[in-house]
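This report describes selected side-chain contacts and surface features of one protein chain. The reader is invited to follow each residue in the display below.

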Amino acid sequence: MINILMAASEAVPFAKTGGLGDVCGTLPLYFDKSEVDIRLILPKYGCIPKEYTDKMKFIKSIEIPLGWRMQYCGIFELEHEGIKVYFIDNEFYFKSNNLYGYMHEDIEKFAFFCRAALSILPDINFCPDIIHSNDWHTGAIPVLLKTQFCDNPFYARIKTIMTIHNLSYQGIWDKKAIPDVFGLDMSHFSINELEYNGSMNLLKGGIVFADTVTTVSQSYANEIQTAEYGEGLDGVLRSHSDSLVGITNGISYTHYNPANDKYIYKCYNRRDFVSGKKENKQKLQKDLGLAQNENTFTLGIVSRLTKQKGIELIEQIMHSLNERDIQLIILGTGDKNYEDTFLWYAKNYPDKFCANICFDDALAHKIYAACDVFLMPSLFEPCGLSQLISLKYGTLPIVRETGGLRDTIEPYNEYTGEGNGFSFAPYNAHDLLFTIDYAHKIFNQKSAWQKIVRNAMRADFGWEKSAEKYLELYKRLLS
């Protein structure tokens with residue numbers, strides 16, 4: 001039996017702001033419980049739904065040293081879908097409904113969380129073989145384990161994994177936090193440890209001190225070792241390339257499956273998708289006030305409206321899209337200039353454009369089911385989940401060849417019939433528009449289009465495959 005403690009700042013269904021929460025809340029469910037005892041540890045946020053807090057069992061309280069101060073730490077436990085979840089309670093740090101706030105406050109509260117995650121292990125009578133940290137919020141765990149807990153025999157054999165979900169977020173703050181918050185001497189403020197351009201960098205610390213570093217796709221693992229994508233840590237990552245592994249995320253086919261999706265107008269599968277998608281398209285067109293035509297090439301976007309997601313490229317081709325027999329449905333929030341652009345087009349051309357500046361899970365499912373293609377022209381994309389969801393719904397992704405998009409979307413080859421979507425490489429609006437036009441041409445070749453849709457819906461990116469690869473990694477690390 002392998003004992004794993006997964007430490008994260010968020011996890012569904014308890015608290016979530018993005019893909020990190022999806023991964024950390026879902027991946028543990030897919031391990032064989034006869035082989036792996038995987039447990040999850042999270043902060044006890046004020047936003048956790050009452051249906052879960054009411055079921056939590058109080059274990060005990062202890063005091064945690066944080067620099068020069070002692071802080072209360074309550075330990076709560078809940079079993080959810082066969083997984084034991086521990087919650088660290090301290091209302092000073094976690095009472096807010098917002099998971100993240102100002103960086104200096106976040107540094108202190110996640111420093112507390114990291115120390116608590118290590119300190120409570122004897123109290124919960126669980127000694128993990130591996131602690132699996134996720135993103136900078138838990139980057140201090142490998143650091144503290146090898147600097148302040150290493151002399152305690154209880155912790156001596158614990159290995160650590162540091163998973164990078166998005167290198168853009170690193171936990172950078174003033175170096176004074178090293179002694180003040182972490183209780184470390186300034187010898188650890190060095191180029192080989194926590195120092196980063198005169199500041200402290202917690203993600204760097206996690207990378208340097210962890211036994212293995214992973215990220216969420218093989219292409220992203222390669223990209224972040226370059227200056228273009230490395231966010232200033234490419235040199236550090238190249239120096240740890242021997243222990244850097246890319247494992248592609250998965251999705252839950254329980255939650256995302258057009259065969260039994262409660263949110264869509266008509267359920268369908270790989271055998272009857274033609275009629276199923278036709279009905280979903282027509283009904284969504286009607287509900288959103290778009291011109292109702294089953295033959296109109298319909299593009300969907302469910303995304304944060306930010307530069308990282310390539311939204312600037314879509315903004316640049318809106319005029320050209322307006323000249324084509326195309327409809328565009330947008331769902332998401334983000335930068336105000338993008339929101340305003342899409343709202344303007346939706347107001348002035350309501351038959352062709354629909355902008356929903358919000359997040360609506362039910363509408364997201366309807367867009368995946370109704371549209372012909374899904375646009376995801378990201379500047380960079382560690383893994384991406386939306387393209388995996390769209391595949392399952394037979395909505396062909398148009399992606400830029402970067403990170404996990406490159407690893408999961410095989411561009412259509414009209415000579416062999418292979419492929420599950422469309423892609424382009426250079427980050428510019430011209431190539432995006434060219435790819436949309438090419439996909440539109442194939443869309444009008446019904447037999448070819450239906451073959452690609454079948455390829456897409458046949459693709460398997462369920463969490464089972466990711467869990468298998470993580471299990472191989474755990475076994476390799478322990479051997």
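F443 counts as buried, at 4% relative accessibility, because the limit for a buried residue is under 20% relative accessible area. The values in this report belong to a predicted model. F297 is likewise buried, with a relative accessible area of 0%.

**Aromatic contacts**

The structure holds 27 aromatic pairs. In one of them, the ring centres of F297 and F443 lie 5.0 Å apart and the ring planes stand at 45 degrees, so this pair is described as tilted. The pair links distant parts of the chain: F297 belongs to strand β13 (residues 297-302), F443 belongs to helix α18 (residues 429-443), and the two are 146 residues apart. Both residues also take part in a single aromatic cluster, formed by F297, Y412, F422, Y438, F443 and W449.

**Salt bridges**

A search of the whole structure finds 18 salt bridges. Three of them are set out in the table.

| Salt bridge | Distance, N to O |
|---|---|
| K50 and D54 | 2.7 Å |
| R238 and D234 | 2.9 Å |
| D372 and K281 | 2.7 Å |

How are the partners of these bridges placed with respect to the surface? K50 is exposed, with a relative accessible area of 58%, and D54 is also exposed, with 52%. Each value exceeds the limit for this class, because exposed means over 50% relative accessible area.

The bridge between R238 and D234 joins a partly exposed residue to a buried one: R238 has 41% relative accessibility, while D234 has 13%. R238 and D234 are four residues apart in helix α10 (residues 234-239), and therefore about one helical turn separates them.

In the third bridge of the table, D372 and K281 meet through their side chains, and both residues are buried. D372 is found in the loop between α15 (361-370) and β16 (373-376), whereas K281 sits in helix α11; the bridge therefore ties together parts that are 91 residues apart in sequence. Elsewhere, R69, E108 and D180 are joined into one network by salt bridges that share partners.

**Charged patches on the surface**

Which residues gather in a patch of positive charge on the surface? They are R270, R271, K451, R454 and R458. R270 lies in the loop between β12 (244-246) and α11 (273-288). With a relative accessible area of 39%, R270 is partly exposed.

A patch of negative charge is also present on the surface, where D460, E464, E468 and E472 gather. D460 is located in the loop between α19 (446-458) and α20 (463-478). Its relative accessible area is 39%, so D460 is classed as partly exposed.

**A further loop residue**

M186 is found in the loop between α7 (177-180) and β9 (195-196). At 37% relative accessibility, M186 counts as partly exposed. M186 and K175 are 11 residues apart in sequence, and their C-alpha atoms are 8.6 Å apart in space.

How values were computed: Residues numbered from 1 in each chain as written. Predicted model: local features only at pLDDT ≥ 70, side-chain atom pairs only at ≥ 80, totals over all residues. Heavy atoms only, no water. Patch = residues over 30% accessible without salt bridge, like charges linked within 9 Å, V, L, I, M, F, W, Y side chains within 5 Å. Areas by Shrake-Rupley, 256 points an atom, 1.4 Å probe, with all protein chains shown as cover. Salt bridge = Lys/Arg side-chain N within 4 Å of Asp/Glu carboxyl O. Lys, Arg positive; Asp, Glu negative; His and termini not counted. Charge placed at Lys NZ, Arg CZ, Asp CG, Glu CD. Buried < 20%, exposed > 50% of the residue type's maximum accessible area, 1.4 Å probe, protein only. Phe/Tyr/Trp six-rings, centres within 6.5 Å; stacked < 30°, edge-to-face > 60°.
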